[in-house]
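I opened this model to look up how its parts touch one another. My notes follow in the order in which I checked things.

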Amino acid sequence: MSDTLLEVLPEIPEDAHNPVEPFLRMDRMPHIWCPGCGIGTTVNCFARALQSSQVDLKKTVIVSGIGCTGRVAGYANLDSFHTTHGRAIPFATGMKLANPELNVVVYSGDGDLFAIGGNHFIHAARRNMDIKVVCVNNMIYAMTGGQTAPTTPGTSVTSTAPYGVYEPTFNLPALAEAAGASYVARWTTFHVKQVAKSMEEMMKKKGFCFIEIISPCPTLYQRRNKMGDALDAMKYYKEASKVRNGAPTSETTLSKTGEIVVGKFVDRDRPDYLEVLKAQMVSVLGDRYTEPENSCCEC
Amino acid sequence: MHADPKGVLTGVHFIDGDHACCEGLLAAGARFSSGYPITPSTEVVERFAQRIPTVGGVFIQMEDELAASITLQGAVWAGAKAFTVTSGPGFSLMMEHIGLAAMTETPCVFVDVQRGGPSTGLPTLPAQADMMQARWGSHGDYGMIALCPNSPQECFDLAITAFNLAEEFRTPVMLMLDECIGHMTEKVVIPEAEKIEVTPRRWTSEPPETFQLFKPKADMVPDMVKAGDGYSIHVTGLTHDERGYPNMTVDVQDRSVRRLVNKLTPLANERAIFETADLDDAEVVVVSYGITSRVAQRALKLAREQGIKAGKFRLISAWPFPTERLRALAGRVKAMVVPEINLGQMVLEVERAAAGKCKVIPVSHAGGTVHNPEVILKAIVEAAR
């Protein structure tokens, strides 16, 4: 036994429980994620943010696309929607517009949100739709076995780039800012306190918010690239991360082993979609404008 | 219950099928639409965009049909009655989300104003070539309801029926116009709201502790709640159990998929919607739908004038297909003539229903215009020999 192992209690008392359990569907445990995967860490942060932001859980919904992170919705003890590949954002858009009282969170992966779903991301940001988007970026299509994503850094080996990736990647914070997001932050799964704090801010912020969380995939990204295990990923995140709140997003590009710029990059206020819609309708139609009734299908 | 008068434009109108369709959707209670422009369907959402701010609701033009076809489903789960409208290429893009709506039992309406295809095809010209796509276009097995109006008045009426069936059966419903019906202008009578029957959503009365979102009632259809009701529902496109939780086992797959198909059985036969004429002594029956049924009307008249005992069977609910109705008919006629603006789609169903009991004669047309009634007449005459 190595003396570097964390101290583990000899046995878990029967009445022990994790404080985030009320936020999870415990009847669905164990979850499907691999040992060392970072998605669970982000979910833990999310549960803590739900707690600290004191949002009305009955009015909070979570929408996911497809993929490993796409399974988050299924474990959250909220109204939860596991939709189609890439389309969580338009589904969330419909929910928000039909009932603006709902707090709508989109939780999905990099492939889902930025390859197949990229168009919806930029348009929702452009509209400043009041939805909160969390992207767990593990830099790979993990659910399907480790194929190249638009976020896979150069020269990484994937199952569909056996000789190494040569396409440039998306710089997600820059994309989000350019498209019009109100709030943009990036952390890694090493930064659990910061992730939880950013998520809390996001839940309280009006408009289109985006948080990218760099997360390890030991099974399908690191192993194929001889990058060690989850603990090695944590060490890399710890050593390579540089907190630069307010950094220009032109400087947040990621590489395979280089610096990871983290922090809150954008926090600005502009009217959200529904505010602009209402202002326009009132200016043109005056009293004739009829505000939609929430959940109008009481019939 | 009765329609909400806010959405009902009571009166006598002279409007085209697309506009009438929009009024029907509004009368049915639709207060949300996500659309994407495509000829010849766009007028439906153009009118909705103009009308909805004073009725009380939302229209959003999305970035593509992929988005439009799922944005509406988010709205439905937030409590709205919602629809989208499209044509050929857009209908193709929407297929995955029609499957999602079927799988998650999301009540909603898709309007497809059919134009010539394949691909970009004939953007401004008619066809009826999406009929099989409406039934089978998304992958996997599921049941489907598709309605085919043949006049602007019926665009209005069937838009209401489409929503009513969607709510009753918790399923997506296809409203299958064609370019001619969509752009044909005729008198449309919109009654008073209290004369329009609207089927409410199947809201459950069960508490969260016992309610299961996918547990079927006696009619095989489960009740619903919406997001924000405090039920912590889970909705997934994965094969799921009665709670909505993913359960990818052979048993659960078998019982869920069979139910998605079988719950629509009542509409296939006893509740099938169709129109008939002159069937009592008919030797030849023309089976048609949409604009082609109006062209066929002329052929039927000419045939009767020649002394041919010809009758009419107009499909209004094309899916589920009224197999038993046509099979019964097939046993007592010589032939069925099936004109349609495609190279043979619903005729395959007619053949299947006839099961060899009578001749089935397709009268195909590749699209771009309607049939010449003489061509249909010729088929009737030959069939009667």
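In this predicted model I began with strand pairing across the chains, and found that β2(A) and strand β10 (residues 234-236) of chain B run parallel and are joined by three bridges. Looking up a single pair, I noted that A:Phe81 has B:Val235 as its bridge partner in β10(B).

I then turned to the whole contact between the chains, to which chain A gives 40 residues and chain B gives 48 residues. On the side of chain A that touches chain B, I listed the elements that each supply at least two residues, and these are β2 (79-82), α3 (88-98), α5 (118-127) and α10 (273-285). The largest share of that side comes from α3(A), with eight residues. I also sorted the residues of this side of chain A by class, which gave 17 nonpolar, 14 polar and nine charged.

Next I looked within chain B, where the domain assignment gives domain 1 (5-195) and domain 2 (277-384). I noted that the C-alpha centres of these two domains of chain B lie 27 Å apart, and that 22 residues of domain 1 are in contact with 21 residues of domain 2. On the side of domain 1 of chain B that touches domain 2, at least two residues each come from β6 (122-126), α5 (131-136), β7 (145-147), β8 (172-178) and α7 (179-183). Which element supplies the largest share of this side of domain 1? I found that it is α5(B), with four residues. By class, I recorded 16 nonpolar, four polar and two charged residues on that side of domain 1 of chain B.

Key
Residues are numbered from 1 along each chain as its sequence is written. Chains are lettered from A and ligands numbered from 1 in the order in which they are written. This is a predicted model: local features need pLDDT of at least 70, side-chain atom pairs count only at pLDDT 80 or more; totals for chains, interfaces and linings use all residues. Domain bounds come from an automatic or database domain assignment. Two residues are in contact if their C-beta atoms, placed from the backbone, lie within 7 Å. Ala, Val, Leu, Ile, Met, Phe, Trp, Tyr, Cys and Pro count as nonpolar, Asp, Glu, Lys and Arg as charged, and the others, Gly among them, as polar. Two strands pair if DSSP finds at least two bridges between them.
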